[in-house]
Amino acid sequence: MTKKIRDQATLTYKGKEYNLDVLKASVGPDVIDIRGLYRDANVFTYDPGFTATASTKSALTFIDGGEGVLLYRGYPIDQLAEKGDFLETCYLLLYGELPNHSERREFVHAITYHTMLHEQMNKFYNGFRRDAHPMAVMVAVVGALSAFYHDSTDINDPDQREVATRRMVAKMPTIAANAYKYSIGQPFVFPRNDLDFSANFLHMCFSVPTEEYKVNPILARAMDRIFILHADHEQNASTSTVRLAGSSGANPFACIAAGIASLWGPAHGGANEAALDMLTEIGDPANIPRYIEKAKDKNDPFRLMGFGHRVYKNYDPRAKIMQKTAHEVLSELGIKDDPLLDVARELEQIALNDEYFIEKKLYPNIDFYSGITLRALGFPRSMFTVLFAVARTVGWIAQWKEMMDDPKQKIGRPRQLYIGPERREYVPQSKR
Ligand code: SDX
């Protein structure tokens, strides 16, 4: 429940004063409640890109962009990444507290025993070309889940919402692994109940029927940490897409499919794939100054992918952990020096000391180092955003759940600043 405080903001418009309530945050910026403004003053507020607009209240994730802080239900991301695991983080995001032993056992069992896909779903992949981008496959297959799971699409039934929630978290790794296997022409690998979430995912992606595949525990731990880092991130573009889709009463599978579509964009989750392409194109530290100039050139659409953030005006705390994970994975795999990592580190150093990046507060974000790590783990670049989607599904569904649990939930319907023509009469073609 958001506590109202007596604080008020006063707006003077066309000579009249409007007193607007200020709603208090538990931490971070308070908000000015403008819900009555159009009714009272016949005026909208204007904020394309929502740079200063709170679209909802939420108790899930807090970001302090100035300080580079990220908390999931109050817990710092670095502590969760170092001391926790992904399914425990899923429980925390979904239910608000870290699980005790019995809560954890029940939740892990429920997820483990929901990882299989309806056998007919597996046939769905055959409609795609083998070279289809796996994100296109994910959007389609996740959207199709609502055609298979009628018993968990009544969004007004809290029990069905819970079943859909657990199904989504459990099945995304299987759907993603199948998309990868399909793209390389290998048979799908069934999930294994004796493996934990991330080990099972690596097994489904990289094992083949012809020999036993032993999951490297260091790499599985790295994969698990990468999932934790990507799990949720407040009201980002894809999460806002999921909320807006869900606000109309669309079923959760369709909402998650909408979130996947939004995440695909290179300005958002697609940046990890784009960042690796950029590092590959730069190729050698000697070429970095030319690319820095391109990034600063207003007439050049080129941007440093993996740099900058709408909220972080400091180092993305996830990027620091991702960089450390990159080193761990590369050394575990005996990769002494990765030329792309050298380019990334040199690029980061040059950019962080360049006036343009300092003035615009552009720092590496989570996508800057993730591509290097995921490539070292054996994933092709086309799978990078798919992995982001596997992790972010718990954040999307937790945010959707929070919205649907709110009895005051309304359909999202923004207005606009209309700049088109005023009313005019129809002109017959003979007179045009
Ligand atoms: C993710 O929102 C989230 O939380 C997202 C995410 C999550 O977990 O869900 O954190 C995941 O999407 C991380 C961001 C991944 N995207 C990229 O790495 C793509 C490269 N970054 C940029 O496209 C950009 O920084 C954005 C999209 C991330 C943020 O853009 P904003 O907030 O709209 O900022 P802006 O585009 O208005 O940029 C402000 C200024 C501009 O210059 P001016 O017009 O003021 O002169 O900074 C410049 C931009 O040109 N700028 C860059 C830049 N990013 C911004 N210049 C060069 N290279 C860049 N990367």
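**Close-up 1. Polar contacts of the ligand with arginine side chains.** In this predicted model, a polar side-chain atom of Arg 310 lies 2.7 Å from an oxygen atom of the ligand. An N or O atom in the side chain of Arg 318 is likewise 2.7 Å from a ligand oxygen, and for Arg 303 the distance is 3.0 Å. A polar contact is a pair of N or O atoms within 3.5 Å. On its own the ligand has 1,100 Å² of accessible area, of which the protein covers 78% (Shrake-Rupley method, 1.4 Å probe).

**Close-up 2. The residue shell around the ligand.** The shell comprises 24 residues, and those that come nearest are His 233, Gly 306, His 309, Arg 310 and Arg 318; a residue is near if one of its heavy atoms lies within 4 Å. By class, 10 are nonpolar, 7 polar and 7 charged (Ala, Val, Leu, Ile, Met, Phe, Trp, Tyr, Cys and Pro count as nonpolar, Asp, Glu, Lys and Arg as charged, and the others, Gly among them, as polar).

**Close-up 3. Helix 14 and helix 15.** The axes of helix 14 (residues 317-332) and helix 15 (residues 339-352) come within 12 Å and cross at roughly 155°. The two helices are therefore roughly antiparallel (angles over 145 degrees).

**Close-up 4. Helix 11 and helix 18.** Helix 11 (residues 252-263) packs against helix 18 (residues 384-404) at about 135°, with the axes 10 Å apart. This makes helix 11 oblique to helix 18.

Residues are numbered from 1 along each chain as its sequence is written, and side-chain values use heavy atoms, without hydrogens and water. The model is predicted: local features need pLDDT of at least 70 and side-chain atom pairs count only at pLDDT 80 or more, whereas totals for chains, interfaces and linings use all residues.

Terms used
Polar contact = N/O pair within 3.5 Å; in protein donor to acceptor, adjacent residues only side chain to side chain. Axes fitted to C-alpha atoms, helices over the stretch in contact; angles between N-to-C directions. Helix = DSSP H or I, 4+ residues; strand = E, 2+ residues; numbered from the N terminus. Parallel < 35°, antiparallel > 145°, perpendicular 65-115°, else oblique.
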